[in-house]
Amino acid sequence: MAAHQKGALRNRSWIVFLDESGVSLLPQVRRTYAPRGHTPTLVHRLNWKKASMAAALGYHAADPGRGARLCFHLKPGSYDTEALIGVLTQLKDFYEGGRVVLVWDGLSAHWSRDMRAWVETQ
């Protein structure tokens, strides 16, 4: 068992994996079939509307029988530090004051000065 999992087990914590992803409404351009001499044309509006989702999947370290918890957050545009602080605030409410070990990637918004200051207050 990894060191952070031992601490989670000892503290009866949730291990929560959090990640963000973005999607665009632009269609993908791919090869297709067409009659010889008639190049297929894909027509669409070129507006770069984008949506993002953050999802958190949590497992209780000391009680695996509790099952996993999944929560997610949707927003137009991209995530930045301010939006992620809002997600973490909602995540804190979702786990009702229980201990949480958060596992996430190295996105710069995760380690920004504002994020570190917010984490220190928690």
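This passage looks at the largest pocket and at the packing of two helices. The model is predicted, so local features need pLDDT of at least 70 and side-chain atom pairs pLDDT 80 or more, while totals for chains, interfaces and linings use all residues. Residues are numbered from 1 along each chain as its sequence is written, and side-chain values use heavy atoms, without hydrogens and water.

The largest pocket (an open set of points on a 1 Å grid where a 1.4 Å probe fits, with protein on both sides within 12 Å along at least five of seven lines) has a volume, the space filled by probe spheres set on the points, of about 500 Å³. Of its 17 lining residues, those with an atom within 4 Å of a point, V100, L102, W118, V119 and Q122 are the closest to the centre. α3 provides the largest share of the lining, five residues.

Conveniently for the reader, the helix packing comes next. α2 and α3 (DSSP runs of H or I, at least four residues) pack at about 25 degrees, with axes, fitted to C-alpha atoms over the stretch in contact, 9 Å apart. The two helices are therefore roughly parallel, the term for angles under 35 degrees. In their contact (heavy atoms within 4.5 Å), T81, L84, I85, L88 and T89 of α2 meet D114, M115 and W118 of α3.

Methods:
Axes fitted to C-alpha atoms, helices over the stretch in contact; angles between N-to-C directions. Parallel < 35°, antiparallel > 145°, perpendicular 65-115°, else oblique.
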